[in-house]
Amino acid sequence: SSVEQSYIMVKPDGVQRGLVGEIISRFEKKGFVLKGLKLFQCPKDLAEEHYKDLKEKSFFPGLIEYITSGPVVCMAWEGDGVVASARKLIGATNPLQAEPGTIRGDLAVQTGRNVVHGSDSPDNGKREIDDKLITPFLSVALWFKEGELCEWESVLTPWVVE
Ligand code: DAT
Ligand code: MG
């Protein structure tokens, strides 16, 4: 797909706390289109690759332990401007600084238990979901395998974008 996609993940605390439906609902209601969805136990090597830019941070071992501590819900959401918009819907990394109305602002209190991930750039969206546009013949995307994404059009799209 050539349209922008964001990798959104309900982290293990969000799954344990029963927030999966609530979090999915916010992206559905906004008008983005779900192209991939699965419950998944993240292995340690994938968690380390996903967060590789943070590997020198003191909190890195705790972050990896947290992300691998239980199942996560992996999602691919598509739409115009979805990456930046999803970051706004999610709110600031520290939930105490996240605005009310955002997912973290409404549902979380601590940076180390901030319930959800969202891609920070369109290129990272591709790296996390579907990187065939970067490397046409070799997919090395992190969270979804070949065949796990659905190519479909929502009948609502013409009512969301003109
Ligand atoms: P974000 O998830 O908002 O993109 P990030 O990419 O800077 O934030 O960090 C990834 C995750 O790492 C973040 O969601 C929670 C954890 N993290 C970041 N900074 C932290 C800190 N100072 N202490 C503990 N965990 C932290
Ligand atoms: Mg980030």
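**Exercise 1. Classify Glu148 by its relative accessibility and describe the salt bridge it forms with Lys38 in this predicted model.**

Solution. Start with the accessibility: at 29%, Glu148 counts as partly exposed, because the partly exposed class lies between the limits of 20% for buried and 50% for exposed. Next, take the partner. Lys38 has a relative accessible area of 17% and is therefore buried. The side chains of Lys38 and Glu148 meet in a salt bridge, with 3.0 Å from N to O. Finally, place the two residues along the chain. Lys38 belongs to strand β2 (residues 33–40), while Glu148 sits in the loop between α7 and α8 (157–160). The two are 110 residues apart, and the pair links distant parts of the chain.

**Exercise 2. Trace the salt bridges of Glu49, and state which residues form the network that includes Asp106.**

Solution. The structure holds eight salt bridges. One of them joins the side chains of Lys52 and Glu49 at 3.5 Å, N to O. Lys52 is partly exposed, with 35% relative accessibility, and Glu49 is also partly exposed, with 34%. A further salt bridge joins Glu49 to Arg127 at 4.0 Å, N to O. This pair links distant parts of the chain: Glu49 lies in helix α3 and Arg127 in helix α7, 78 residues apart. As for the network, salt bridges with shared partners join Glu22, Arg26 and Asp106.

**Exercise 3. Determine which residues of helix α7 are buried and what covers them.**

Solution. Helix α7 spans residues 122–129. Its buried residues are Asn124, Gly125, Arg127, Glu128 and Ile129. The cover over these residues includes β1 (5–10), α3 (44–50), β3 (72–78) and β4 (116–118). One of the buried residues, Arg127, is the salt-bridge partner of Glu49.

**Exercise 4. Locate His117, state whether it is buried or exposed, and list its contacts beyond four places in sequence.**

Solution. An unreviewed UniProt entry lists His117 under "active site". His117 is found in strand β4. Its relative accessible area is 10%, so His117 is buried. Leaving out residues up to four places away in sequence, His117 touches Tyr7, Ile8, Met9, Lys11, His50, Tyr51, Ile90 and Glu128. Of these contacts, Glu128 is among the buried residues of α7.

**Exercise 5. Describe the largest nonpolar core and the contacts of Ile103.**

Solution. The largest nonpolar core has 19 residues. Those with the most contacts inside this core are Ile8, Ile23, Phe27, Met75, Trp77 and Ile103. Two or more residues come from each of β1, α2 (20–30), β3, α5 (82–90) and α6 (103–107). The element that gives the most is α5, with four residues. Now take Ile103: apart from neighbours within four places in sequence, its contacts are Ile23, Arg26, Phe27, Leu89, Ile90, Ala108, Val115 and Val116. Another core, of 18 residues, lies apart from the largest one and includes Ala47, Tyr51, Ile67 and Val72.

**Exercise 6. Work out why the buried residues of helix α4 lie on the same side of the helix.**

Solution. First list them: in α4 (residues 60–67), Phe60, Leu63, Ile64, Tyr66 and Ile67 are buried. These residues cover an arc of only 160° around the axis, so they lie on the same side of α4. Pro61 and Glu65, on the other side of α4, are exposed. The cover over the buried residues of α4 includes β1, α1 (12–16), α3 and β3.

Conventions
Residues numbered from 1 in each chain as written. Chains lettered and ligands numbered in written order. Predicted model: local features only at pLDDT ≥ 70, side-chain atom pairs only at ≥ 80, totals over all residues. Heavy atoms only, no water. Buried < 20%, exposed > 50% of the residue type's maximum accessible area, 1.4 Å probe, protein only. Contact = heavy atoms within 4.5 Å. UniProt positions renumbered as here; feature names shortened; annotations may be inferred. Core = buried A, V, L, I, M, F, W, Y, C linked by side-chain atoms within 4.5 Å. Arc of directions from axis to C-beta.
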